[in-house]
Amino acid sequence: MYRYDEFDAAFVRQRTEQFADQVRRRISGELNEDQFRPLRLMNGLYLQLHAYMLRVAVPYGTLSSKQLRRLAEIARKYDRGYGHFTTRQNIQFNWPRLNDVPKILAELADVEMHAIQTSGNCIRNVTTDQFAGAAADEIIDPRPIAEIIRQWSSLHPEFTFLPRKFKIAITGAPQDRAAVKFHDIGLMAKTGPNGEIGWTVYVGGGLGRTPMVAKQIRDFVDHEHLLAYLEAILRVYNRYGRRDNKYKARIKILVHEAGIDTIRDQVEEEFAAMKDGILKLPQEELDRITAYFAAPAFKEVEQKTIDLPKLKITDPAFARFIERNTHPHFRDGYVSVTVSMKPIGGTPGDATDIQMEAIADLAEKYSFDELRVSHEQNLVLPHVALDDLRAVYEGLVDIDLAEGNTGLITDIISCPGLDYCALATARSIPIAKSISQKFSAPERQEQIGDLKIKISGCINACGHHHVGHIGILGLDRKGVENYQITVGGDASEDAAVGSILGAGIAGDDVPDAIEKLVDLYIEKRESADETFIAAFRRLGEAPFKEALYGTR
Amino acid sequence: MDIITANELLSGATVYLTVDGKWLEEVSKAQTFGPEDKAARDAAVEAANASGRYLSVEIEKAEIIDGRVVPTRLREKIRAEGPTSPRHTPQTLDTPHAKGEDSNVSL
Ligand code: SF4
């Protein structure tokens with residue numbers, strides 16, 4: 001894992017001390033709220049419905065056991081014993097008190113963590129594939145480049161006050177697990193003409209009020225010139241992005257209005273001017289950072305395969321866990337294990353202090369001290385030997401997080417919604433729970449197969465509803481919660497925005513509505529191998545609309 | 001009728017302006033303002049903002065049901081009672097300052 005160098009450590013300490021002083025001045029009245037708000041937001045501190053909310057950055061979703069233990073301690077000491085993992089691979093604490101926040105930040109700094117780049121119109125925390133550095137299908141580990149982007153963006157003086165927030169996602173695998181086409185910039189590893197590895201660059205993707213799939217702006221940029229190319233994009237955006245209208249300020253609108261060809265020309269012009277300047281990334285520097293992400297010292301494992309058919313008979317729950325919650329690893333005899341933070345009827349992404357500590361212990365014992373947070377609000381133990389799978393599974397059974405449901409209908413993304421969020425128009429969590437309960441039977445989930453449900457409590461779309469195979473958006477219709485259903489969204493490399501099926505429905509009716517869509521799919525699919533999203537692509541939205549609303 | 005709500009500076013807790021000019025967590029103790037009290041209501045909002053101790057000061061609609069003040073909007077009900085699923089109690093004011101004497105906003 002990356003270790004802070006002296007500069008990083010000094011910078012985070014300095015920011016923590018600065019913020020402690022700002023809090024002191026706010027409380028003494030030297031600063032009023034208008035002066036303080038931008039300062040607290042720059043340190044990840046929001047005010048929500050019930051209390052402050054502190055959003056802590058987990059850069060590119062990578063955590064050590066020690067860091068997760070510290071998050072557990074913070075939850076216990078300063079909060080209410082739980083935290084919420086978000087679709088930005090971060091963690092949020094819902095109940096901190098203003099006086100405690102400087103102490104929390106100091107304790108985070110001790111384990112090389114902070115809450116910078118989690119708010120404001122800056123380049124936000126970079127996100128990536130949760131299986132980065134472990135996945136069998138990976139062309140390159142994206143974390144060294146993600147770390148370099150973090151270092152470039154954290155203190156970038158030119159890009160501290162962009163027209164709007166700016167999100168970059170990066171994947172080193174052809175199978176996109178980081179939703180790169182729904183970010184302001186998405187980077188996807190690619191092998192270049194001479195066999196060298198570089199990046200395809202997408203720009204102008206996003207969700208929210210105006211969902212858009214990013215457009216390819218450049219087919220290939222090598223490592224050496226990547227930062228210069230990113231800087232060129234940011235410069236064009238900073239200059240031409242709209243500052244007159246918050247809802248039109250994201251780069252997706254600029255790309256949409258000006259056209260990708262115009263933006264590409266402008267970016268290329270900037271790029272040509274700075275290509276070989278100070279942002280050129282020397283190979284030695286890339287090598288230095290890459291060394292921090294070296295693969296762990298894998299052991300020789302005895303077990304190379306698992307007899308799943310037999311296990312399905314002798315221990316079906318463990319078999320399900322293996323089938324759904326393990327991902328192929330590049331190293332023989334190893335897998336990445338997804339710890340589903342979606343127990344049946346639970347709050348998606350929530351973890352108690354005890355659960356966090358237990359998972360940290362498992363990571364320390366069985367995954368070389370490494371952990372990941374996925375944008376689907378799960379945790380990952382990236383390097384688990386098949387020999388140790390049983391022990392990991394049993395450890396998770398002890399903390400009620402052994403549900404073998406990754407990628408199934410109960411593995412639901414949900415934002416906090418109106419239970420916590422000041423911007424919400426409806427609740428999300430109770431909807432997620434009621435769907436999870438309705439489809440709790442493992443056999444039913446297995447019958448349905450891969451299906452991603454994503455729920456947002458307002459149009460801001462933190463719950464990624466636009467890209468759910470089934471998406472649910474909570475709205476307020478004359479004071480009553482109302483849920484709009486979309487079908488056909490996809491966050492993967494086959495990126496698509498879902499289609500709204502019709503008028504919104506009441507919250508209590510949502511689980512039954514989902515069942516109608518699921519039943520239609522099962523009835524119409526060509527075989528059990530045709531997934532929900534594949535069937536939707538073949539059938540179109542009409543039959544789904546009819547299943548939900550009847551013929552009109 | 002209207003009530004006035006805010007988040008208290010130190011705790012972030014949801015608070016309501018009460019009849020005796022204090023800011024407390026219980027919506028049931030909130031002072032209500034009818035149409036004829038508009039000037040007093042607006043003055044209270046202004047004073048709360050000027051105090052610097054209360055954030056997101058808002059006027060909310062409320063009704064009296066069985067003799068108790070109940071906010072009209074679902075959002076406000078959730079603010080008053082805490083998250084619904086799982087149920088958590090609302091944040092409390094727990095510091096001498098927040099509970100204390102200088103939390104009065106003069107009407
Ligand atoms: S989608 Fe809306 S309700 Fe949900 S977390 Fe984002 S802003 Fe809040």
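Select A:Gly550 in this predicted model. A:Gly550 sits just after helix α18 of chain A and takes a positive phi of about 75°.

Step back from there into the helix itself, residues 542–549 of chain A. Show the side chains of A:Pro543, A:Phe544, A:Leu548 and A:Tyr549, which are the buried residues of α18. To see what covers them, add β19 (480–487), α16 (510–524) and α17 (532–539) of chain A; these elements are among the cover.

Keep β19 and α16 on screen and add helix α14 of chain A, residues 429–438. Its buried residues are A:Ile429, A:Ile431, A:Ala432, A:Lys433, A:Ile435 and A:Ser436. The cover over the buried residues of α14 includes β19 and α16 of chain A, together with β16 (413–414), β17 (453–456) and β18 (470–477).

Now select A:Lys438 and A:Asp512. The two form a salt bridge, with the closest N and O atoms 2.8 Å apart. A:Lys438 belongs to helix α14 and A:Asp512 to helix α16, so the pair ties together parts of chain A that are 74 residues apart in sequence. A:Lys438 is partly exposed at 34% relative accessible area, and A:Asp512 is partly exposed at 41%. For a salt-bridge network, select A:Glu158, A:Glu231, A:Arg235, A:Arg239 and A:Glu270, which are joined into one by shared partners.

Two further pairs are worth a stop. A:Glu33 and A:Arg26 form a salt bridge with the closest N and O atoms 2.8 Å apart. Is A:Arg26 buried or exposed? A:Arg26 is buried, with a relative accessible area of 2%, and its partner A:Glu33 is buried at 11%. The other pair is A:Glu30 and A:Arg24, where the closest N and O atoms are 3.5 Å apart. Here A:Arg24 is partly exposed, with a relative accessible area of 45%. Over all chains, the structure holds 61 salt bridges.

Next, go to the ligand. Which residues are around the ligand? Select A:Cys415, A:Pro416, A:Gly417, A:Cys421, A:Leu423, A:Ala424, A:Gly457, A:Cys458, A:Asn460, A:Ala461 and A:Cys462. This shell divides into 8 nonpolar residues, 3 polar residues and no charged residues. Colour two of the cysteines by accessibility: A:Cys415 is buried, at 10% relative accessible area, whereas A:Cys462 is partly exposed, at 46%. A search of the whole structure for disulfides finds 0 over all chains.

Zoom out and display chain A with chain B. The contact takes 26 residues from chain A and 27 residues from chain B. On the chain A side, pick A:Leu49, A:His50 and A:Arg97; they supply 27% of the area that chain A buries against chain B, more than any other three residues. The area buried between the two chains is about 2300 Å², and carbon and sulfur atoms give 50% of that area. How many salt bridges are there between chain A and chain B? The count is 0.

End in chain B at B:Lys61, which lies in strand β4, residues 54–65. Not counting residues up to four places away in sequence, B:Lys61 touches B:Met1, B:Asp2, B:Pro71 and B:Thr72. Then select B:Asp37 and draw a distance to B:Lys61: C-alpha to C-alpha, the two are 14 Å apart in space, and they are 24 residues apart in sequence.

Technical notes
Residues numbered from 1 in each chain as written. Chains lettered and ligands numbered in written order. Predicted model: local features only at pLDDT ≥ 70, side-chain atom pairs only at ≥ 80, totals over all residues. Heavy atoms only, no water. Disulfide = S-S within 2.5 Å. Buried < 20%, exposed > 50% of the residue type's maximum accessible area, 1.4 Å probe, protein only. Near = heavy atom within 4 Å. Nonpolar A, V, L, I, M, F, W, Y, C, P; charged D, E, K, R; others polar. Helix = DSSP H or I, 4+ residues; strand = E, 2+ residues; numbered from the N terminus. Contact = heavy atoms within 4.5 Å. Buried area = accessible area lost by both parts, 1.4 Å probe. Salt bridge = Lys/Arg side-chain N within 4 Å of Asp/Glu carboxyl O.
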